[in-house]
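Dear colleague,

I am passing on the structure below, followed by some notes on what turned up when I went through it. Please read the notes with the coordinates open beside you.

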Amino acid sequence: MTPGVQTGKAVLDLSIVTGPMRLLLLVLGPVALLALLARRKPGWWTRRVPVALAVGAAAAGLLVLVVQILWRPFPDPLPRPAVLFTGLTVAALVLAVRRDAGWRRAPLALLAVAAVGVSGAAQVNQQFQAYPTLRGVLGLPLQAQVPFADLPRGPRAVVTAPPGQPLDAAWSAPPGQSATGVVTTVDILGRRSGFRARPAWVYLPPAYQSTPRPLLPVVVLVAGQPGTPRDWFDGGQLNQVMDRYAAAHAGLAPVVVVPDALGSQLANPLCVDSPAGDAFTYLSRDVPEWIDRTLQVDPDRARWAVGGISAGATCALQLAVGQPATFPTALVLSAQREPTLGSRAHTVRDRFGGSEAAFRAANPLDVLARRHFADSAAVVAVGAQDALYGPQADALAAGMRAAGMTVRRATAPGGHSWVVWRAVLADELPWLGSRLGLTAAG
């Protein structure tokens, strides 16, 4: 690899949420705004600046009105930095558009407006850390990513766990085994559901690539809303987390499949079968059947798990209580108390045909109150500073325990962000590995 290519990759993988790049993006907007404000002609501060601020404030208010009250594409409130920097960017645009600006100054002024917008986007990203690097922002392939068509096909000789023992009791890494897993994308068709999903993302650990290969457990993960399956690999850094676990266990780690539960970036079928799409059938039937047909993994569903973050965690819990034989283990990270489009009335009307009974049939807390789940276990986690989702996690954990589930409560420093979710995933992997039969209970 040439030095130029190596330098380019290093830049793409440079953190934009820590270190010098974070500082640069933080100060970029204020400096650009100050540059636009710098003017001394009469009337500038008494007319143009107040008008710009008023227009910016109106734009921010309009954003809240349209997104949070009228359109409501997602249930959570808009991030404060998004509202603030929308107003500031529009104000900057009003300051930049001047009839007396020369042709040389106009591009610089518009560049300053763009800098304010980029700085604002960076602050929203800083809150959730969905894109830790430029590679994620630009949607470029991950370093560990390979085309699905390039993966070896067909079954191989397998290694299975001895009766009553974990898989690692029978497994030792063969010579030349890869030190890292691979990531790929693939279309999982909705053969039963008709659900039109975006490509799924798949992580295959080092041991899966070996000959013979161990029959590994499966973890199905769901992203939040808005979001894409790739979020687990950008913000969640899933392949790095799994690779670290595999390095400590002779290449063993779960096979991870991240299907699309939404259909598009702003869609929200709420993980149920509805006019918005039969998402529940897709995730509970189509995806497991595709895994059985396509991947050589442990067919014993006792060694399968489902997990998710935010709205995806609510979906994961819906799958865990709706199909406990398929998903007896769950990772419920910052879940909502119930499936929601923002309010119970709105949710029941738009996704359940106005039927409260249909809503209660799908709502995890209602299902937990009716049924017993002695064979199920879950991690219920939330950020230590997440005041909105913390009480909801407490309610869900209480409902699970009352229904006989084994529940582990976990927290990590932070709020409603990938900082928390990837930390919890890494912390809970030892428990998950023993639960899924990879290792002995520690």
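**Notes on the structure**

Because its relative accessibility is 32%, Arg-408 counts as partly exposed, and please keep in mind for this and everything below that the model is a predicted one. Arg-408 belongs to strand S12, which covers residues 406-412, and, leaving aside residues up to four places away in sequence, Arg-408 touches Ala-378, Val-379, Val-380, Glu-428 and Trp-431. Measuring from C-alpha to C-alpha in the model, Arg-408 and Leu-53 are 49 Å apart in space, with their positions 355 residues apart in sequence.

Turning to the surface, there is a nonpolar patch of about 670 Å², made by Leu-62, Leu-65, Val-66, Ile-69, Leu-70, Trp-71 and Leu-266. One of these residues, Val-66, lies in helix H3, which runs over residues 44-71, and Val-66 counts as partly exposed because its relative accessibility is 33%, where the partly exposed class lies between under 20% for buried and over 50% for exposed.

Helix H10 is another matter, since residues 311-322 are mostly covered, with 11 of the 12 residues buried; the buried ones are Ala-311, Gly-312, Ala-313, Thr-314, Cys-315, Ala-316, Leu-317, Gln-318, Leu-319, Ala-320 and Val-321. From its first C-alpha to its last, H10 reaches 16 Å, close to the 16 Å expected at 1.5 Å a residue.

With best regards

Conventions:
Residues numbered from 1 in each chain as written. Predicted model: local features only at pLDDT ≥ 70, side-chain atom pairs only at ≥ 80, totals over all residues. Heavy atoms only, no water. Patch = residues over 30% accessible without salt bridge, like charges linked within 9 Å, V, L, I, M, F, W, Y side chains within 5 Å. Areas by Shrake-Rupley, 256 points an atom, 1.4 Å probe, with all protein chains shown as cover. Salt bridge = Lys/Arg side-chain N within 4 Å of Asp/Glu carboxyl O. Helix = DSSP H or I, 4+ residues; strand = E, 2+ residues; numbered from the N terminus. Buried < 20%, exposed > 50% of the residue type's maximum accessible area, 1.4 Å probe, protein only. Expected span 1.5 Å × (residues − 1). Contact = heavy atoms within 4.5 Å.
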